[in-house]
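The following exercises concern one protein structure and are solved step by step. Please consult the sequence and the coordinates alongside each solution.

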Amino acid sequence: MAPSGKNFEFTEHGVFEANIAAFFAHMAQQDSALSGELQSHFKALSQGTYNQQDILNGLFVAVGKPSQPETVNLVSSAAGGQGAVPAAALPSATGWLLEGLSIEGFRGINNQGKPLELKFYTDKVNSISAVNGVGKSSVYDAVRYAICGAVAWLEDLPASERGPDYYLNKFNTSGVATITLKLIAEPCGQQIAITVTRDAQGSRTVSSAPAADAEGILRSLHREFVLLDGHTFQSFISAKPLDRGRTFSGLLGLAQYSTMRQSLAAVANTRAFNNHFAVAEHAQLRGREEKGAADARAAIAADYAVLVGQPLAALNGVAALAKCHHALEQIGPLKPLCADKAFHDIDVNACIEAVKAAEGGPKRDRLSECIRERADLKKLNVEAPKPERAAALLVLTGARDQVLAETAGDVMLTLFQAGQKALGLPDWSDPTLCPLCDQKGSHDLKAHIASKLSQFDALEQAGTAIAKEWGEAGWSDLGDLESKLAEGADNRLIAKLKARAEKGDITAKDAESLTEWLKTLRSRADQREQSLAAEQAALEKELPPSSVEVTRKVEAARRLQANWNKLAETEKAARLEEGREALVTQVKRFLDAASDCFGAAEGALSKARLAAVEPVFRAYFDKLSFFGVVPKVAKRANSEDLQIALADFHGLQNLSPQALLSESFRNAFAISLYLAAASLYGGLPKFIVLDDVTSSFDAGHQNFLVELLRTSFARPANPSGLQVILLSHDTMLEKLFNKHSNTGIWWHQRLEGVPQIAVLPQAGAVNKVRDQTISMLQAGQVDFAKEGVRQYLEYRLSDLISRLRIPVPVDVAFNDNKQLAHEFLQAIEAAVKLHQAANSLVLDATQIAGLNANMATIVGNFLSHWGTGQTLSFSGPSLLGVMQSIDQYCECFRYEPSPGAPRQFYKSLHQRN
């Protein structure tokens, strides 16, 4: 019975587990036993790790035993799935914030023995900046590895590149990478540190303090919006609608819904379902048994008339058997053999011997043989297919031949099936890599092969129809007639084709041959019948009439016994097949209903959430100040495809953003959509990490994005918003970050260091970089130390410029790292000369001389070589001298306020304090 009431719908803001519980309760109205069994597979279905055979076998067992389903704890069942909350550890956690990150030995962050420690504020916008090559992207990759278990771009490298070997820092000798996420739960405020390690063999371990379901928490953080970079936005726009739609489902918190809908559809797939339950084979078997029963009834009616002398009419089995027993018992010589025996227990061979003893003679034996052989021949010939069934087989095989031609043949089917199996292997991680040619395509091969295989459904249906017709028409039963009338196995066409025909794998040419062969067999059977009839007639003329009639009745009794036994067996087998078919049909109808119901509910939920996201999406896009452009997203009913368009483009409607918009516009489109979805349906992750998402924007739109994050999206301006962690290497953005840091709602950190030694946050980082650089120079590690010299010089000079308020050219931010320090020196030198010419310079003569002397050392021994790339001329002593000159150069801008007081920097080049 179908579920009553209105169509089922998910609660728009309900958690996944609660909605699934409601779904199974709804399906229990149709079949409680099947709903309970399917519900027991919830975890595997929602994660896409189900075993179809186990599910179908379980449903088949359950369908015959209706009962109330056991209550399944969906939260515990989902543990390990997206959105699962480890109930025992943190029962009240409704979200997770990131308050700290520790990294050692991972990617470009060595820090052996002294992990990189980053602090994040949960009530501020957080930003991290670093020049290229310091380790900013390694910070992003570390968070990704901890949460996702892999860094996709590393895993996607060609096998020859050995991508997985590059998770560990090459200069770290411990052989272990360690990442610790320091999380805080909302609203309870409980803190938990989850540590993820990876060793040189690629083994990953996860632990936590205090003890909790660390794996479950990490999986709950694995959402599409948590880690975003420029490539993510670019690929979202350029992706196919199906891939884009699946990504968007994750953004809306529907990834598990989407996975479960796909799982249910796959389990209910007619082709796979019919193959599992061998539906065609069992339909053929049922048809054969039903035909056998019908043939037995016809034979019983005919032989009953011979033995009893009247038609069977509507007598039930018991009465008919009694009549047969009585008729046989009336024959004098047979009465003792029938006494006190049921009809089935009468020994017909003994009856024949009794007749022979009474009347005797070999002619009597031969008459009995003729009668028996004619009856057998008639039985076999009657069961053979009639001409109209032979014609039907011709039509069906012709239809199959046509479909086979359209599907490129069984070879391609085998190829596609093999490809599907290969792509389904656990080790096959790249869905675009072809298992046949080992080349990458531009599309998802799994979906492509599934599409190709669906074209073979008609071929399978045609084959099933042939197999069914073969069984129901009785072609297989012709085997005995063929054996009787055709000498030699090579001459028996039916025996040759039987195995293929039962699989539905014969051609129209085969059917034509069978039709002609059937005519030949019938002709031979008719000739044999005529010969036996003539011989029987001659014997009946020679023998007394009574002997002939008795022989006919005894042989009829023999056949009645056999056919009643056959009838009982075939009716029992047919009932079993009918019952099995009913159960299989019940399972299929339930699965179809479950799949359709879930798909419709998921589609409605997706539509509702999309409708809620769109106005926020448009508002965010508008705040990025792309005037005259109105974006639009749409999702068709019963489709995963997500269509993107421009509702308005300077007065024009419904245009393609892929074809029309520049890269910055397209990225703004994706960023706005991601942020809008995350703001409404973020789920448990309450933080978002953005890595270089502004790289395609000009300075103005970079500022608009930062303002969107600061004033509308992120905490604290939006109390219900997400904690934002923004990573960037853009020098101009760093100035904006530093400006916002003075507002109290922004926390900025700058990274310094090198992959060989360590990466350090700004606080105290410059001194650590200085100490480590000097240590390497003293050890003769000049090649490693030169990068530290550059970073130390740039930092000290930029610090001078900030402290003394020295103006710099606007284009200084766009110079590469080979020119930046030189530009800083020139800006300082120009400012000093300007104030000196104006007689406003606060530096004394000794300090001015020191500036010139130390600048000459810095330029002559370092910058002149660094700027041209001629770093081979560096030596340890010369660079140690450079490090000393850097400190002495900066010291020229400090003074002693009073005798014995600590030295401090001048306020500016024309003010002491």
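## Exercise 1: Helix α10 and its partner

Within α10, the buried residues are R244, G245, F248, S249, G250 and L251. The structure is a predicted model, and every exercise below refers to it.

**Task.** Describe the packing of helix α10 against helix α27, and state which residues make the contact.

**Solution.**

Step 1. Two packed helices are described by the angle between their axes and the distance between the axes.

Step 2. For helix α10 (residues 241–251) and helix α27 (residues 663–681), the angle is about 35 degrees and the axes lie 9 Å apart.

Step 3. On the α10 side the contact is made by T247, F248 and L251, and on the α27 side by L673, Y674, A677 and Y681.

Step 4. Sorted by class, this contact comprises 6 nonpolar residues, 1 polar residue and no charged residues.

Step 5. F248 and L251 belong to the contact, and both are also buried.

Step 6. Just after α10, the backbone of G253 adopts a positive phi of about 75 degrees.

## Exercise 2: Two lysines

**Task.** Decide whether K588 is buried or exposed, and do likewise for K421.

**Solution.**

Step 1. K588 lies in helix α25 (residues 545–623), whereas K421 lies in helix α19 (residues 409–423).

Step 2. The cut-offs required are under 20% relative accessible area for buried and over 50% for exposed.

Step 3. K588 is classed as buried because its relative accessibility is 12%. K421 is classed as exposed because its relative accessibility is 64%.

Step 4. The side chain of K588 reaches the backbone oxygen of A268 at 3.1 Å. With neighbours within four places in sequence set aside, K588 is in contact with A268, T270 and F273.

Step 5. For K421, a spatial relation to K446 can be given: the two are 25 residues apart in sequence, and their C-alpha atoms are 9.7 Å apart.

## Exercise 3: Enclosed cavities

**Task.** State how many cavities of 30 Å³ or more the structure holds, and describe the lining of each by class.

**Solution.**

Step 1. There are 2 cavities of 30 Å³ or more.

Step 2. The largest cavity holds about 60 Å³ of space. Its lining consists of G753, V754, I757, A758, V769, Q772, T773, M776 and G788.

Step 3. At least two lining residues each come from β12 (746–754) and α30 (765–778); α30 gives the most, with 4 residues.

Step 4. By class, the lining of the largest cavity has 5 nonpolar, 4 polar and no charged residues.

Step 5. The second largest cavity has a volume of about 40 Å³ and is lined by L98, L101, F120, V139, V143, V689, I725 and L727. Two or more of these residues are given by each of β1 (95–104), α6 (136–148) and β11 (723–728).

Step 6. The lining of the second largest cavity has 8 nonpolar, no polar and no charged residues.

## Exercise 4: The second largest pocket

**Task.** Identify the element that supplies the largest share of the lining of the second largest pocket.

**Solution.**

Step 1. The second largest pocket holds about 960 Å³ of space. It is lined by 36 residues, of which A375, D376, K378, K379 and R559 are the closest to its centre.

Step 2. Two or more lining residues come from each of α13 (279–308), α17 (362–383), α24 (508–542) and α25.

Step 3. The largest share, 12 residues, is supplied by α17.

Step 4. By class, the lining of this pocket has 12 nonpolar, 5 polar and 19 charged residues.

Technical notes
Residues numbered from 1 in each chain as written. Predicted model: local features only at pLDDT ≥ 70, side-chain atom pairs only at ≥ 80, totals over all residues. Heavy atoms only, no water. Axes fitted to C-alpha atoms, helices over the stretch in contact; angles between N-to-C directions. Contact = heavy atoms within 4.5 Å. Nonpolar A, V, L, I, M, F, W, Y, C, P; charged D, E, K, R; others polar. Buried < 20%, exposed > 50% of the residue type's maximum accessible area, 1.4 Å probe, protein only. Polar contact = N/O pair within 3.5 Å; in protein donor to acceptor, adjacent residues only side chain to side chain. 1 Å grid on protein atoms, 1.4 Å probe; cavity = no way out; pocket = protein on both sides within 12 Å on 5 of 7 lines; lining within 4 Å. Points joined across faces, edges and corners; volume = space filled by probe spheres on them.
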